[in-house]
Amino acid sequence: MRFIRPRPTPVGPVAQARRSSVAGSVPVVACSLHTASVPFASCPIRRWQLWAGAVRSLSTGMALLKARKFSGKHEWITTENGIGTVGISNFAQEALGDVVYYSLPEVGTKLEKQDEFGALESVKAASELYSPLSGEVTEINEALAENPGLVNQSCYEDGWLIKMTVSDPSELDELMSEEAYKKYVKSIEE
Amino acid sequence: MQRPASLATLLGFRRPALPASLSRSLSCAQDVLRRTPLYDFHLAHGGRMVAFAGWSLPVQYRDSHVDSHLHTRRHCSLFDVSHMLQTKIFGCDRVKLMESLVVGDIAELKPNQGTLSLFTNEAGGILDDLIVTNTSEGYLYVVSNAGCWDKDLALMQDKVRELQSRGSDVSLEVVDNALLALQGPAAAQVLQAGVAEDLKKLPFMTSAVMEVFGVSGCRVTRCGYTGEDGVEISVPVAGAVHVAMALLQNPEVKLAGLAARDSLRLEAGLCLYGNDIDEHTTPVEGSLSWTLGKRRRVTMDFPGATVIVPQLKGKVERRRVGLMCEGAPMRAHSLILCTEGTVIGTVTSGCPSPCLKKNVAMGYVPSKYSRPGTQLLVEVRRKQQMAIVSKMPFVPTNYYALK
């Protein structure tokens, strides 16, 4: 299993926060430090001062908000700015083998938590994919068309499957943390 | 995704039901699997073990399935196939015994020649497929499927007893050897380094006893289950690890497991008993008419002959065919439809072909749809995909013939 490391250079929302300290718009990261699941739009406005320490704690904060959660069916999801990125776990990609075929939903597809949203197939096995949360598909990983094996080579990074909106953030609480998932995998391996 | 219940299930290997007696004795130890002489060797080499036909066998090692498959076709791979049943039939009436159970012309086998044959039942169904070799050592050497171990042994032993009671000279012995399959274009060259006999003189489907890397009493048969040139080596248990290690010393050789074994045989158009042929398929339906001996077709003296032989001239309702498609892979139990949309048959085995980068499969369709080139549909993932009836093997074979 790969541990989530805080990114050395904060990206996205913090850069936005830099700009927003001037413009005064909502700094995503700040409100996300409260709870990972509060959507962007309802965050209170907060003044933001940038300094090295804050940047460091921001990057740790970002790592926290992006903390991977796992479903019992071996999908993972990380969320950023209300968008979830979904993939399959290392345990799942190892059991499946080299992916040679994939089927993913169209952008705009609405999914309920646990809905079947596609499939991955290796030479020897086929497996359905189940949505860890409810939401709408915003993007599918086009890189898989050239190289479906990305799912095996980099299941947590380049081998992501779909991005989706998170229509009910409380569903994130029903998913397992990385620690809990590790224990879960151990229990089923026995 | 759902966790695969067992990789063996995913591989499409159907596990045959255990006979009642065996089930009872295993009831206290449901999970006890038989181990081959190479069990520890597999673990030491990173083998991922799964249950298959009551045995613990490696499905793959450290290399990926696809790498292992391609390595076999380009270099050579070593498979542990010790789970298969090896028997020797002795006595003056050994051919009579064999012919009472199988469809082939066993009497016509030249010394040290072998053939693929079929055990059949009175209804014309296939009980198992096997290789029988007429050895020059005074016995028939028979190799049959692990999944049919008890069934085949009972079949042969019952017939031995029946013939013996009628005064025939025949007996049977189970060979408690390991069986190693070395398959691929480099196989012969790799083995040559460990044997004195000239392997150029051992063509496809012939067999000889020889010393292999210092282990005497090994039987080497030029056959296999991959479509490539190669051998199966029957090794006394005490020498099995030594021979495996000696073969693995050669950089051309890599270990391969059940996963590669299945995708290789499917590309080669070879049946898997229990999936592509079973007790409910006749040899003609199974596109295995060639196994029916020329003489036997006339004498009709094999089980099920009265059902099978008429099928050669008349029509069979369905035939086993090869199928190819792009898109989602066809798997066992996928439905086959004609282009008008009516369900006409089922897929019995299928997988993405690592060599062809298309999906290949075997299935049964009514005879009128069985001609290569016929366009059909296969239902995969609730969608219908174009598929085409294809000749098998899907990938050209490389069996070694005497030049």
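## Salt bridges and contacts in a predicted two-chain model

Reader: How many salt bridges does the rule find across the interface of chain A and chain B?

Author: Keep in mind that this is a predicted model. One bridge across the interface joins the side chains of A:Glu121 and B:Arg381, at 2.9 Å from N to O. Across the interface of chain A and chain B, the count of salt bridges the rule finds is four.

Reader: Which elements give two or more residues to the side of chain A that touches chain B?

Author: That side of chain A has 14 nonpolar, three polar and eight charged residues. The elements of chain A that give two or more residues to it are α4 (90-96), β4 (99-103), β6 (116-122) and β7 (126-130).

Reader: About how much area do chain A and chain B bury between them?

Author: Start with who touches whom: 25 residues of chain A are in contact with 23 residues of chain B. Of the area buried between the two chains, 54% is on carbon and sulfur atoms. The total that chain A and chain B bury is about 2,100 Å².

Reader: And in chain A, which residues lose the most area to chain B?

Author: Three residues stand out, together making up 34% of what the side of chain A buries. They are A:Tyr101, A:Val123 and A:Lys124.

Reader: Over in chain B, how many of the ten residues of helix α4 are buried?

Author: Helix α4 of chain B runs over residues 65-74 and is mostly covered. Its buried residues, including B:His65, B:Leu70 and B:Arg73, pack against β3, β4, β10, β14 and α9 of chain B. Of the ten residues in this helix, the number buried is eight.

Reader: How far apart in sequence are the parts that B:Lys254 and B:Asp63 tie together?

Author: The side chains of these two, B:Lys254 and B:Asp63, meet in a salt bridge, 3.0 Å from N to O. B:Lys254 lies in strand β14 of chain B and B:Asp63 in the loop between β3 and α4, so the pair ties together parts of the chain that are apart in sequence by 191 residues.

Reader: Is B:Arg219 buried or partly exposed?

Author: B:Arg219 sits in strand β12 of chain B and forms a salt bridge with B:Glu137, with the closest N and O atoms 2.8 Å apart. B:Glu137 has 39% relative accessibility, so this partner counts as partly exposed. The cut-off for buried is under 20%. At 4% relative accessibility, B:Arg219 therefore counts as buried.

Key:
Residues numbered from 1 in each chain as written. Chains lettered and ligands numbered in written order. Predicted model: local features only at pLDDT ≥ 70, side-chain atom pairs only at ≥ 80, totals over all residues. Heavy atoms only, no water. Contact = heavy atoms within 4.5 Å. Buried area = accessible area lost by both parts, 1.4 Å probe. Helix = DSSP H or I, 4+ residues; strand = E, 2+ residues; numbered from the N terminus. Nonpolar A, V, L, I, M, F, W, Y, C, P; charged D, E, K, R; others polar. Buried < 20%, exposed > 50% of the residue type's maximum accessible area, 1.4 Å probe, protein only.
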